[in-house]
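Q: Please take a close look at a single part of this structure and describe it in one connected account, together with what surrounds it.

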Amino acid sequence: IFIKYLPKTTTEEQLSSLFAECGAITGVPRLLKDGQGACKGCGWITFRERKAFEEALSWNGCAFGGRHLQISKGKAAHTGFRPSLQAAGTHTPALLKEVVATLIKPSPDGVVVDATYGRGGHTRGMLAALSSRGRMHAFDMDAEAIKDGTQLAVEDSRFRVHHLPFSAMGGALGPLVQPAAPGTGGVSAVLFDLGISSPQFDEASRGFRLEADGPLDLRFDQSRGETAHEFLMRADRSEIVDVLSRFGETTDAFAARRIADAICVAREQRALPCRTKEFAALVARAKGFEYQAMHPAKLTFQALRVHLNDEFGECRRGLEAAFELLEPGGRIGVITWKHSECNLVVDFYRAHEAARPEAPQMAFYSSRAAGASLEPEWALLMEHTIRPSAEELQANSRARSAVLHILKKVRAPTLAQLDTKLYPLMGWALPPPPAGEARAGGDGAVTTAVEGERRRKSKERREGKGDTGDMSKTGKKKVKKQATKE
């Protein structure tokens, strides 16, 4: 059975005593709990016999602890798996077996980096698989994480924790690891588990959980930077709209604008909430009906968290730092939880993607550019994308959205390099810079695909030409000359 509206003070023993009258119970009642171990209002009980189960269902609406309980059949969650529970303040690492198999087993004597220590779940699992000659470094900005990691370093001399953002791993580890080859580092594997950890999410004082009552903070490192409330009190309306549009309400510009309007009006009236539940209620009233199965304020909280912690910028810089540190054949593992995180990983991969022999552009370029060749450089291969097994989801339902991306560092020409050779040959505007970020040339000029295409079309209009999809030899020479100049 599934039970709702339980008091916060409910214990497993109380439920067991209450429902024992219905019949024999299998195991112990299961309660969903917050970070402090208090009941979050719901739980599950499994009975040995159907008769007891049906008797318990007939108790729907019974009084308990000053409340009337809602009792229904326990059914599969939308993932097809029943919710799993874990001890308060703990974190069950997602895809741990797969992380060990892909990152540690190939090089058990290597130097490994856990870029997102959290509460050390992945770190401890990887340390257990490393040999006595292996070494591990971890990074985190959370004070509680550093406290936990410091204790682990005392217990295991192979491990060291750094109170730094993971984008700083290059500077921190450069002097500590011996490069395996020019242009590389001496690190065999780096793991990123993006997003927030369960303990951070469950702790009301951090402000990450909008259903809990806590300060509107949302910082990973509470010792520095401004809180979400301080940002909302300082930022002008256009900046708030921009943050909500880019990192939260990405498909609903109206919602982003109206939520920002409500924030600014509340601020004008000196009534902007500084607590999570009150602020979530304000956002919900501003947004109105939410068609998705989530709280109307969820994306606003996400947007503020991403902005305040510079999550996307930090992720890009961290991935680049990891790529530089890897030894030849080393691997980067990234666990993503949202589409936006997947997009960051894919952009990073595309910027360094090794040219594949089967790519049609490769054969075409080789046939047209007689005698020309692409130079090998440090590149990446996407080896795996792994999702949780059914077995893992039964034990840890929070892992249902996790995807593990495995990237391997190799020496090969890149597709980005091929683009810079092929596009001028075809008379096309130059491709966009890798990872979606403009790269300046020696004179500070920046070339992007959009700008290149805009200039080409502008020139055609001045010359009275249209885009026919075909070009004369003269036209090709002009565009090739323009592309080279850009």
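A: A residue is called buried when its relative accessible area is under 20%, exposed when that value is over 50%, and partly exposed in between. The structure is a predicted model, and the part chosen here is an open sheet of seven strands, whose order is β9-β8-β7-β10-β11-β13-β12 and whose pairing is mixed.

The setting of the sheet comes first. The chain holds 19 helices and 13 strands, and 47% of its 486 residues are buried. When contacts are counted between residues at least 6 apart in sequence, 68% of them join residues that are at least 24 apart. The surface exposed by the chain comes to about 24,700 Å², with carbon and sulfur atoms supplying 52% of it.

Within the sheet, the edge positions belong to β9 (159-162) and β12 (377-386); each has a single partner strand, so one side of each lacks a neighbour in the sheet. From one strand to its neighbour the turn is 20 degrees on average, with direction ignored. One of the pairings joins β11, residues 326-336, to β13, residues 403-412, in the antiparallel sense and over six bridges; there, V334 has H405 of β13 as its bridge partner. Helix α13, residues 311-325, packs on this sheet and touches β10 (187-193), β11, β12 and β13, while its direction makes an angle of about 155 degrees with that of β11.

The loop that leads from α12 (298-308) to α13 contains D310, a residue that is not a glycine and yet has a positive phi of about 45 degrees. D310 counts as partly exposed because its relative accessibility of 36% falls between the limits of 20% and 50%.

The contacts of F192 show how strand and helix meet. F192 belongs to the stretch 187-193 that forms β10, and, with neighbours within four places in sequence left aside, its contacts include G318, L319 and A322 as well as I332, G333, V334 and I335. The residues G318, L319 and A322 fall within α13, whereas I332, G333, V334 and I335 fall within β11. The other contacts of F192 are with A115, T116, F166 and M169. F192 also appears in the largest nonpolar core, which has 62 residues, as one of the members that touch the most other members, together with M169, V190, L232, F279 and I332. A second core, separate from this one, has 27 residues, among them V99, I104, L127 and A399.

F279, named above as a member of the largest core, leads on to the aromatic pairs, of which the whole structure contains nine. F279 and F301 make a tilted pair, with their ring centres 5.8 Å apart and 55 degrees between the planes. Since F279 lies in helix α11 (residues 276-287) and F301 in helix α12, the pair ties together parts of the chain that are 22 residues apart in sequence. Both rings belong to residues that count as buried, F279 at 0% relative accessibility and F301 at 4%. By contrast, the edge-to-face pair of Y423 and W428, at 5.3 Å centre to centre and 85 degrees between the planes, is made by two partly exposed residues, with values of 21% for Y423 and 40% for W428.

At the β13-β12 end of the strand order, A354 deserves attention. A354 sits in the loop between α14 (339-352) and α15 (360-368) and is buried, with a relative accessible area of 4%. Beyond its neighbours within four places in sequence, A354 is in contact with A379, L380 and L381, with V410 and A412, and with P413, T414 and L415. The residues A379, L380 and L381 lie within the edge strand β12, and V410 and A412 lie within β13. P413 is 59 residues away from A354 in sequence, yet their C-alpha atoms are 5.8 Å apart in space.

Taken together, the account runs from the order of the seven strands, through the packing of α13 on four of them, to the contacts that F192 makes and those that A354 makes.

Terms used. Residues numbered from 1 in each chain as written. Predicted model: local features only at pLDDT ≥ 70, side-chain atom pairs only at ≥ 80, totals over all residues. Heavy atoms only, no water. Helix = DSSP H or I, 4+ residues; strand = E, 2+ residues; numbered from the N terminus. Buried < 20%, exposed > 50% of the residue type's maximum accessible area, 1.4 Å probe, protein only. Contact = heavy atoms within 4.5 Å. Areas by Shrake-Rupley, 256 points an atom, 1.4 Å probe, with all protein chains shown as cover. Pairing = 2+ DSSP bridges. Axes fitted to C-alpha atoms, helices over the stretch in contact; angles between N-to-C directions. Core = buried A, V, L, I, M, F, W, Y, C linked by side-chain atoms within 4.5 Å. Phe/Tyr/Trp six-rings, centres within 6.5 Å; stacked < 30°, edge-to-face > 60°.
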